[in-house]
Amino acid sequence: MKTIKLKPKKEESILRHHPWVFSGAIASLPDDLEEGETVRVEAADGRILGIGHYQIGSIAVRLLQFGEGALPDDFFNRRLESAYQLRKALGLIRDDNNCYRLVHGEGDFLPGLVIDIYGDTAVLQAHSPGMHYERMNIARALTELPEAMIRNVYYKSETTLPYKARLDPQNDYLIGKFDGNIAIENGLRFNIDWLRGQKTGFFVDQRENRALLERFAKGRKVLNMFCYTGGFSVYAMRGGALQVDSVDSSAKAAALTDANIELNFPGDSRHKTYAVDAFKFLGEMEKDSYDLIILDPPAFAKHRSALKNGLIGYRKLNAKAFEKIKSGGILFTFSCSQVVTREMFRLAVFTAAAQSGRKVRILHQLTQPADHPVDISHPEGEYLKGLVLYVE
Ligand code: SAH
């Protein structure tokens with residue numbers, strides 16, 4: 001195995017088990033090192049720090065294991081088994097819940113890898129060339145998990161791998177085949193489109209927040225902005241909402257929402273879908289039409305360079321909701337931008353509230369669920385932030 005040598009003093013964060021080696025920390029690289037190779041990382045004083053995947057870019061190595069030891073042959077079996085046992089301990093694997101995130105990158109000590117489970121199908125996403133090269137080993141280890149009963153493994157990395165690496169990943173089944181796409185979350189059924197949908201086909205990360213929304217829905221008129229698969233809408237329907245309107249600019253998303261409502265509440269006339277731009281819809285709608293609004297937009301700031309504009313976006317969006325929501329209304333508002341901190345998001349929402357002149361209280365502060373764990377050494381793994389607000 002080839003070795004990457006670090007500059008003096010650059011081992012400190014690694015000794016605290018932060019799993020990234022930045023390119024600026026590297027003193028020397030072997031000439032023939034290929035992107036995606038598994039490498040050993042060595043401190044300037046010769047200490048072996050760990051083993052990881054090499055990649056061209058600002059994060060040069062993603063560490064898979066710390067310390068001097070070699071990677072065991074059954075490395076993926078072990079890590080996946082430990083990830084599975086955590087989900088089991090969390091009570092996420094039940095007859096009425098068969099969709100969950102099995103691997104959340106660094107949060108499961110598998111940087112560069114995301115795996116979501118939908119019944120007996122696993123959808124695998126590689127975010128690093130190293131994980132791309134390991135995809136068959138990972139797929140095999142998934143089907144070998146003793147209790148998980150995974151029969152199909154779909155690989156979906158066309159949009160998550162670095163474009164410059166020219167890996168040409170084809171989205172396809174690595175093992176098994178399509179055998180149905182209906183997953184169950186807290187007793188509700190969802191069509192999951194892992195072939196064409198965003199991410200792995202579903203936003204598994206909003207499960208607990210959707211369940212909380214269900215408790216607020218009774219007797220309310222609900223507006224679900226940026227609805228995608230209609231997750232929040234389906235929960236609001238079960239919670240006894242009077243009316244649920246779902247909005248997404250994508251016609252495909254609107255169709256998915258309709259299909260999921262029909263699957264759970266066939267023929268129920270309380271629900272309507274609108275395939276229009278969120279800002280346009282909020283701008284044109286009558287005041288006081290809704291007393292429960294959900295704002296779950298796509299990441300407005302995907303990179304640090306977009307932070308300022310992203311925060312302006314969150315402020316404007318929330319200001320529109322404050323302007324229109326009925327008195328005594330509840331607002332569920334989210335940001336999934338990793339670079340927007342909890343404090344920044346709260347400040348953007350506060351500014352919107354102040355501008356609108358509404359009296360606003362925070363009822364709940366939300367985050368990602370426990371199957372998206374954050375390694376305490378890697379705070380960058382925390383990305384989802386939400387507030388539940390009471391608007392007078
Ligand atoms: N709330 C969803 C996830 C939202 S993902 C869930 O629980 O599953 C973000 C969605 O916003 C995508 O479906 C995307 O099509 C939609 N979107 C992006 N820009 C939009 C805009 N300007 N107006 C309305 N929808 C938009």
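This short report walks through a sheet and a pocket in a predicted model.

## The sheet

Let's start with the strands. Six of them make up an open sheet, and reading across it gives the order 2-6-5-4-1-3, with mixed pairing. At the edges stand strand 2 (20-22) and strand 3 (26-28); each has a single partner strand, so one side of each is left without a neighbour in the sheet. From one strand to the next, the twist averages 40°.

## Strands 1 and 4

Within that order, it is worth pausing at one pair. Strand 1, covering residues 3-6, runs parallel to strand 4, covering residues 38-42, and three bridges link the two. If you would like a spot to look at in the structure, try Thr3: its bridge partner in strand 4 is Arg40.

## The second largest pocket

Now to the pocket. The second largest pocket holds about 200 Å³ of space. Its lining is made of 16 residues, and those closest to the centre of the pocket are Asp73, Phe75, Phe76, Glu134 and Asn137.

Which elements give two or more residues to this lining? They are helix 2 (75-89) and helix 4 (135-144). Helix 4 makes the biggest contribution, giving four residues to the lining. Sorted by class, the lining of the second largest pocket comprises seven nonpolar residues, five charged ones and four polar ones.

Conventions
Residues are numbered from 1 along each chain as its sequence is written. This is a predicted model: local features need pLDDT of at least 70, side-chain atom pairs count only at pLDDT 80 or more; totals for chains, interfaces and linings use all residues. Side-chain values use heavy atoms; hydrogens and water are left out. Two strands pair if DSSP finds at least two bridges between them. Axes are lines fitted to C-alpha atoms, for helices over the stretch in contact, and angles run from 0 to 180 degrees between N-to-C directions. On a 1 Å grid over the protein atoms alone, a cavity is a set of points where a 1.4 Å probe fits but cannot get out, and a pocket is an open set with protein on both sides within 12 Å along at least five of seven lines; lining residues have an atom within 4 Å of a point. Grid points are joined across faces, edges and corners, and a volume is the space filled by probe spheres set on the points. Ala, Val, Leu, Ile, Met, Phe, Trp, Tyr, Cys and Pro count as nonpolar, Asp, Glu, Lys and Arg as charged, and the others, Gly among them, as polar.
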